[in-house]
Amino acid sequence: MSETPPPEPKPAVQTFGLTRSYGPMLALDHLDLTIQTGDLFGFIGSNGAGKTTTLRILATFLAPSAGRAEIFGHDVAKDGDAVRRMIGYMPDFFGVYKDMEVTEYLDFFAACYKIPARQRENTCADVLELVGLTEKRGALVGALSRGMQQRLGLARVLVHDPKLLLLDEPASGLDPRARIEMMAVLHELQRLGKTIIISSHILSELQTLCNTVGIIEKGKLIYSGPVQGVRDQMATGLIYWVTVASDAARAVELLRARPEIAAAEPVDGQVKVTFADGHRDASVLAEALLAGGVKLTGLWEDELGLEEVFLRVTRGETQ
Amino acid sequence: MTLLPIVGRELRVAARRKRTYWSRTSAAAMAFVVIGWMLLTVSRWMPPEMISRSIFSTLTMLLFVYALACGAGATADCISSEKREGTLGLLFLTDLKGYDIVLGKLAASALGNFYSLLAALPVLAIPLLLGGVSVDELVRASALLVNTMFFSVAVGMWASVRSHDDRRAMSATVGMIVLITAVLPAVAAIVGGYFSGRSAGSSSMNAIAEALLLPSPGFAMGLHQSMQFGGAKLGLFWGSLATTLALSLAFLSHAAWQLPRVWQDQVKERSFGHLLGNLIARLVHAVWQLPRAWQKKPGQPASPRLGDFMDRMTYGNTDQRKRLRDRLLDENPYLWLAARERLKPVVIWAFLANLALLWIAGAVWAGDWFFNPATYVMTALTLHSALKYWIATEASRRLNEDRRSGALELVLSTPLTVPEILAGQLRALGRQFARPVVVVLLIDLILMLAYRENQRYDEEWIGSWAAGMVVFVADMWFLAWFGMWQGLKSKSVHAATRTAAGVILVLPWVLYFCGMTLAAIGRAHINSFAAACALWVGISLTVGLIAATMARNNLSTRLRLLAMERYQPAGKSSWWPFGRKRDDAPPVIDS
């Protein structure tokens, strides 16, 4: 008797031709996106590209104009209540009840999620510990610093132990220390098995934090997949840096003569070499320089950062 | 360098605004309507001279009330709102001085009201054509009204500069206007027996009484009305006007001087209301602390601060807070959110207790004369109006503040449903107002039964009280729903309260007067009191029911959409208070 294979786990998020317009303005244009369970997904785009609209549709705030979105198999438009129980949504700008104590604040939201009174106290203590605010449990929310309020916001979205976190610019306006602490908390949450979608403008941090990214411009998804994948895909015109022992100008001249190299230019005593499309064999550099009698002292690849990738794939039309 | 650059800019902006012209036209039209209504209704049993005087007197009184209300409506929150939004500091990064900003804001906020008053003044001259009113009287009335409006907006500006919170600004404005306009003359009347005519009192007491009277626009109004009917205190009238003007300039100067010093948050607010409140709070705090502080116990922390004390008074101590949470959060989290300020119901009781004290003081001072139908009616009107306005403010406050701060969308991202939110808010209002409403109804009942003519209860008297009580209870319910809706869609709590009060409280009266006027024009006089009363109740209940039903429907279907208004492209703002479906965006998810 053949054993039936276990069913495929449903993706955490799946959108099918998701479209949203505000009057004549198309904010989302047939967005097809899939995010697997356990992913830490970085959502990247210029201002007005459609990131917040996407997150708000997933958070059941907005209904799509066309298409649909599913969270763990539940349609966000038809099964809003079930979806709200599975997600924790943190908007880019959120109001806090400044005259509440930290514990009261969390207790209130825990009650909104229908957590029984018996469990609420422990739950609040746990999430406060997770975000490092245990010491501040009796403080007024209005008296907390911006960074602490952001962490409290994160604690709020965790009170009902959601499977998916939707975080819209969670690190905006934070100082470097608070940002690093926030990223550490997000790492910990990923380790605990949460699926996290994070929209941010601080791409250098997303680069190290996320395992998958999506790039959106003018409501259209340009890329979605692993961070390394986007680097590879965008690695047209590979860049190398070269240092030579003697005459840099001579080295530039020699390198420009090779058909594999699109450009070579001296920059601060080094030579920046850009390969022509389709060429990535670095040995031609050493070969050209040695043949011309120039001693090569250093050679390394300029790794394409997420910021560079972003600039290459978008044109900033939605800024 | 341009003199008063912000004033110039605001005047240019106002000149381009349609509202400036509409409000002017509306004010003149309203004044014409009042005159027309009076001509149609009272002209049958009054000689022309008396008609003219009545019209002049009524119109002056209405415009006087309007002028007094401008401070609270126009300027009370103009600076404090900028403080809350953090935009005031930006103005001080430029070369602007305090007086530039104060006068600019004054022009921006009160210009429309001033134009409206100016548009109504020529209508006030119509009685001149009918005879019985002199040019001097018209000049005096015009000066009095303009002066009163200037006083009112100056007080509003002064209170706004000293406040951060809109409630504080509004209460300081109303408190100061009432104090100078009504309380000072009342004190003067008691001190000097000025109006009573019982005993002249000593000359020094009369001087004190006069000093208390002179700054009051209410006193000037009283003099104006008495002169109209044969009194002769011209010097005192102009003296009062000059004193009020000087006081208004003092308020504005103080505001301009203080503004550069108080725009930062850390500066303590010391408005009159704040000082008085602070004094009372400190006294209560001292009484509370005395048994706890007489002996220093080992390891005891420093004595609690006044701020902690006020927090404790407002929200209770840690145990009380937790008990309230445990009780209400499981029932309805939004109920706890809206009802957790324990002081809110207490303030209503304190208001009722103060009125009771005033009533008793009046009864003791005036003796038997006090117990008459006019006093009973005024007492009931004051109680009803205050509670109605109060519930309109409270109904709109929570949703308005939460929507503007963005906290409402956090609540909506939880499984808490829209009906649960509305039910929680309504129950919170019930906790705050239900018992005071019952007490006011009992007071109504007592006052109704207190007056008998020839040992018999008059049917019209009983009928009008019953109508008032029915409309009072119904209006409280209507205002709760309509106030919530307005709170959700309006820019500020004040705007929401104004619209709610305008639709539920003022509109029925306007329709009633229109109905009576049309009946008079059509020669179908409603002579029976019962019919007139039934018409008023019918109109009030119909208007309220329509407004509350529409508000309820809109709240149920559009709360989510309006809660995240900042994400929608700016649409045309609607003057229509019942709301309009936004057709450029698909609906939000309601399930």
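**Exercise 1. Determine which residues of helix H4 of chain A are buried and which are exposed, and where each group lies around the helix.**

Step 1. In H4(A) of this predicted model, the residues A:Arg120, A:Thr123, A:Cys124, A:Val127 and A:Leu128 are buried, where buried means under 20% relative accessible area, exposed over 50% and partly exposed in between, with a 1.4 Å probe and protein chains only. These buried residues cover an arc of only 130° around the axis, which puts them on the same side of H4(A); the arc is that of the directions from the helix axis to the C-beta atoms.

Step 2. On the other side of H4(A), the exposed residues are A:Arg118, A:Asn122, A:Asp126 and A:Glu129.

Step 3. The buried residues of H4(A) pack against helix H3 (102–112) and helix H5 (146–158) of chain A, together with helix H15 (318–328) of chain B. Contact here means heavy atoms within 4.5 Å.

Step 4. Helix H4 of chain A runs over residues 117–130, has 14 residues, and reaches 20 Å from its first C-alpha to its last, which is close to the 20 Å expected at 1.5 Å a residue; the expected span is 1.5 Å times one less than the number of residues. Helices (H or I, at least four residues) and strands (E, at least two) are DSSP runs, numbered from the N terminus. Just after H4(A), A:Gly132 takes a positive phi of about 75°.

A note on conventions: residues are numbered from 1 along each chain as its sequence is written, and chains are lettered from A and ligands numbered from 1 in the order in which they are written. In this predicted model local features need pLDDT of at least 70 and side-chain atom pairs count only at pLDDT 80 or more, while totals for chains, interfaces and linings use all residues, and side-chain values use heavy atoms, with hydrogens and water left out.

**Exercise 2. Classify the aromatic pair of A:Phe41 and A:Phe43 and that of B:Trp359 and B:Phe370.**

Step 1. A search of the whole structure finds 20 aromatic pairs over all chains. Rings of Phe, Tyr and Trp (its six-membered ring) pair if their centres lie within 6.5 Å, and planes under 30 degrees apart count as stacked, over 60 as edge-to-face and the rest as tilted.

Step 2. The ring centres of A:Phe41 and A:Phe43 are 5.8 Å apart and the planes stand at 45°, so the pair is tilted. A:Phe41 is buried at 1% relative accessibility, and A:Phe43 is likewise buried, with a relative accessible area of 1%.

Step 3. B:Trp359 and B:Phe370 form an edge-to-face pair, with 5.1 Å centre to centre and 75° between the planes. This pair links distant parts of the chain, eleven residues apart, since B:Trp359 is in helix H17 (residues 343–366) of chain B and B:Phe370 is in the loop between H17 and helix H18 (373–405) of chain B. B:Trp359 counts as partly exposed at 24% relative accessibility, whereas B:Phe370 is buried at 12%.

Step 4. Ring pairs also link A:Tyr97, A:Tyr105, A:Phe108, A:Phe109 and B:Trp336 into a cluster.

**Exercise 3. Find the ring over which the charged end of A:Arg56 sits, and the ring over which that of B:Arg24 sits.**

Step 1. A charge sits over a ring if NZ of Lys or CZ of Arg is within 6 Å of the ring centre and within 35 degrees of the ring normal.

Step 2. For A:Arg56 the ring is that of A:Phe61, with the charged end 4.8 Å from its centre. For B:Arg24 the ring is that of B:Tyr115, with the charged end 5.2 Å from its centre.

**Exercise 4. Describe the surroundings of A:Ala59 and of B:Ala14.**

Step 1. A:Ala59 is found in the loop between helix H1 (51–58) and strand E4 (66–71) of chain A, and A:Ala59 is buried, with a relative accessible area of 0%. Leaving aside neighbours within four places in sequence, A:Ala59 is in contact with A:Ile87, A:Tyr89 and A:Leu166. Its C-alpha atom is separated by 6.9 Å from that of A:Arg84, 25 residues apart along the chain.

Step 2. B:Ala14 lies in helix H1 (residues 5–16) of chain B and is buried at 6% relative accessible area. With neighbours within four places in sequence left aside, B:Ala14 is in contact with B:Thr20 and B:Leu111.
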